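Please open the model in your viewer and keep the selection tool at hand. The stops below go from one helix to the core and then to the charged pairs.

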Amino acid sequence: MSYIKSVLLLIVEAILVYAITSLLDPVKGFIVNKFSSQNLPVNEVIALVGIAAIIAFTAIAYYLILQLRNYLKSRKAVETVEYNLDLLLQDIEDFSKKWRVTRFLRLSYRREIQRKSMWGNRFMIRDHANSIRCSAKNLKVLVNPNERLFTSLDEIVNSMVHLGLELELVFETMSNIKQTAESKLNELVSEGDNICVKFRNIIPELEELRSKIP
């Protein structure tokens, strides 16, 4: 149910409840005037009408509260999905930027590998992978999972973990770097570039999930 329809429904229900409560006194007066001269148990009739009105009022009020609660829950669910989707996209973008972009004193991961200076950041690739995996898992349980999409995402993350482990080994000691051929470093750079390309291709599919949120 759209936002506008939900608001209109709540307004109509509120008007209906107000109308019922407003009619209680006129109905009571009508019954007294109609039946008091006909030797009918007026008080009993009024009591029955009052009970019926209370039941109707309670039923409508309950339905109103139920609709409002369902609406608030649905909005919370939508906001939760959007939050986790934004978090996943942010994690992907964060890795892609730090892999490719050099900014003043902060070298990109790519540049650090080429310069053989990835000491302080040698664990960061695996950290990015774990963050993306966690965000994807949280999102997957909130939406009807597109298995192909999430399978592709898992494959990219696994490639990141593999790349991270290799970088941690290469940059563990100075002797490891000296023993690592230049071609191997170029291979690691190429693997990171391919991961960024795969992320760039999968981002539109993740964005499409936003349009499918009810």
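The bend at a residue is the angle between axes fitted to the seven residues ending there and the seven starting there, and helices are DSSP runs (H or I, at least four residues) numbered from the N terminus. This is a predicted model, in which local features need pLDDT of at least 70 and side-chain atom pairs count only at pLDDT 80 or more, while totals for chains, interfaces and linings use all residues. Residues are numbered from 1 along each chain as its sequence is written, and side-chain values use heavy atoms, with hydrogens and water left out.

Select α7, residues 182-211, and look at Ile202, where a kink of about 30° lies shortly before the proline Pro204. The buried residues of α7 (under 20% relative accessible area, with a 1.4 Å probe and protein chains only) include Ile195, Phe199, Ile202 and Leu206.

Next, select Phe199, which together with Leu206 has the most contacts inside the largest nonpolar core, a set of 37 residues; such a core consists of buried Ala, Val, Leu, Ile, Met, Phe, Trp, Tyr and Cys residues joined through side-chain atoms within 4.5 Å. Helix α5 (147-170) gives the most to this core, with 10 residues.

Then show Arg110 and Asp193, which form a salt bridge (a side-chain nitrogen of Lys or Arg within 4 Å of a carboxyl oxygen of Asp or Glu), with the closest N and O atoms 2.9 Å apart. Because Arg110 lies in α3 and Asp193 in α7, the pair ties together parts that are 83 residues apart in sequence.

Finally, select Glu166, Lys184 and Glu187, which are linked in a network of salt bridges.

Notes:
Helices (H or I, at least four residues) and strands (E, at least two) are DSSP runs, numbered from the N terminus. The expected span of a helix is 1.5 Å times one less than its number of residues. Buried means under 20% relative accessible area, exposed over 50%, partly exposed in between (1.4 Å probe, protein chains only).
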